[in-house]
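Work through the exercises below with the model open. Try each task before reading its solution.

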Amino acid sequence: MESFAAGKEDQGLQKRLNRDEYGYFKHKKRFKQFGVIVNDDLLVHGDEYNAGWKLHEEDLLTKRIKEEWRILMEGLPDTIFVRAYERNNNHLLRAVILGGKGTPLQDGLFFFDISFPPSYPNDPPIVTYHSYGYELHPDLESDGKVCLDLLNTSTRKKWSTNLSKANILKVLLSIQENILNSNPDKPKKIILSLDSNEETFRSNGETMLNVMHKPPKDFEFFVEHYFRTHARTILRACLAYTDRNLQDDIYSRLYEAFLMNGSALNYFDL
């Protein structure tokens, strides 16, 4: 799929930081769940853009994708954030899902890029995970592949052209419920043993460090503020998973990264 990750010398970074900071304070210190990016401008909820939808002739693929947008606007939970892009008729989505509470993935940020093949909706969307080379879960492979029944990655289910049965919101919720959460009533559980919990948390910590070092484009401000406010909770969890070892490598590196990110940890209460 087309890559739209931020480069090291991204000239538009400061513009995006200013844009998102303005939107954050404009909406009472809240990050909006869904927005449309047009020429690096964020149209919150896509409202301004939606007003012009019917002014232009659209093909069936475009119409279907904009229906997907409407479903996302109305149905996203407060643990999933999505930005939609439209560039030269290439429709792309970027989503971040927060790790499930009470799991080794809690407070982690997990990013996914979504593109649509020309045959969509007859074929499923293409979903790629930002793995940074780590395999947090058997269904999130280190090469970015996402294994999910809904995406036809198994023979048990087929992608449906019926929007009410198969859509991007359902894909994101399925990833959250079946992969990033650890509900004991579900067949795929993250919490298996103390050792596997620690290993999963360490991979989560490595992912956090990579996300802070190179946040996905259009989520730079989100990442900065998210980890600034969650640093203490993450460090406490890190101590719990590493037997309160202040010299542990992952703890030390997270602590330093949070300080550099602007977290106030001088009087951090262990």
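**Exercise 1. The chain as a whole**

What share of the contacts in the protein chain with a separation of 6 or more comes from residues 24 or more positions apart? Describe the fold and its surface too.

Solution. Such residues account for 59% of those contacts, where contact means heavy atoms within 4.5 Å. This is a predicted model, in which local features need pLDDT of at least 70 and side-chain atom pairs count only at pLDDT 80 or more, while totals for chains, interfaces and linings use all residues. Residues are numbered from 1 along each chain as its sequence is written, and side-chain values use heavy atoms, with hydrogens and water left out.

Next, the elements. The protein chain has seven helices and six strands. These are DSSP runs numbered from the N terminus: helices are H or I with at least four residues, strands are E with at least two. Their order along the sequence is α-β-β-α-α-β-β-β-β-α-α-α-α.

Last, the surface. Of the 270 residues, 51% count as buried (under 20% relative accessible area; exposed is over 50% and partly exposed in between, with a 1.4 Å probe and protein chains only). The chain exposes about 14,100 Å², by the Shrake-Rupley method with a 1.4 Å probe; for residues, only the protein chains shown count as cover. Carbon and sulfur atoms supply 48% of that area.

**Exercise 2. H6 against H7**

At what angle do H6 and H7 pack, and which residues meet?

Solution. Start with the axes. Helix H6 spans residues 220-241 and helix H7 residues 249-260. They pack at about 165°, with axes 10 Å apart. Axes are lines fitted to C-alpha atoms, for helices over the stretch in contact, and angles run from 0 to 180 degrees between N-to-C directions. H6 and H7 are therefore roughly antiparallel (over 145 degrees; under 35 is roughly parallel, 65 to 115 roughly perpendicular, the rest oblique).

Now the residues. H6 brings Phe227, Ala231, Ile234, Leu235, Cys238 and Leu239. H7 answers with Ile250, Tyr251, Leu254, Tyr255 and Phe258. By class, the contact of H6 with H7 has eleven nonpolar, no polar and no charged residues. Here Ala, Val, Leu, Ile, Met, Phe, Trp, Tyr, Cys and Pro count as nonpolar, Asp, Glu, Lys and Arg as charged, and the others, Gly among them, as polar.

**Exercise 3. Two oblique pairs**

Which residue classes make up the contact of H1 with H6, and which that of H3 with H4?

Solution. Take H1 (residues 13-26) with H6. Their axes come within 8 Å and cross at roughly 60°. That makes H1 oblique to H6. Leu13, Arg16, Leu17, Asp20, Glu21 and Tyr24 of H1 meet Glu220, Phe221, Glu224 and His225 of H6. The count is four nonpolar, one polar and five charged residues.

Then take H3 (residues 60-75) with H4 (residues 168-180). Their axes come within 8 Å and cross at roughly 50°. H3 and H4 are therefore oblique to each other. Glu68, Ile71, Leu72 and Gly75 of H3 make the contact with Ile168, Leu169 and Leu172 of H4. The residues divide into five nonpolar, one polar and one charged.

**Exercise 4. Two residues beside H6 and H7**

Which residues does proline 216 touch, and which does asparagine 261 touch? Leave out those up to four places away in sequence.

Solution. Locate proline 216 in the loop between helix H5 (194-213) and H6. At 4% relative accessibility, proline 216 is buried. Proline 216 touches Arg94, Phe111, His130, Tyr132 and Val211. Check phenylalanine 111: 105 residues apart from proline 216 along the chain, with their C-alpha atoms separated by 7.8 Å.

Asparagine 261 sits in the segment after H7. Asparagine 261 is buried at 15%, and touches Glu224, Phe227 and Arg228.

**Exercise 5. Backbone exceptions**

Is aspartate 107 buried or exposed? And aspartate 243?

Solution. Recall the background: most residues other than glycine have a negative phi, and most peptide bonds are trans.

- Aspartate 107, in the loop between strand E4 (90-98) and E5, has phi near 70°. Aspartate 107 is buried, at 11%.
- Aspartate 243, in the loop between H6 and H7, has phi near 60°. Aspartate 243 is exposed, at 70%.
- The peptide bond from tyrosine 120 to proline 121 is cis, with omega near 10°. Proline 121 lies in the loop between strand E5 (109-115) and strand E6 (126-129).
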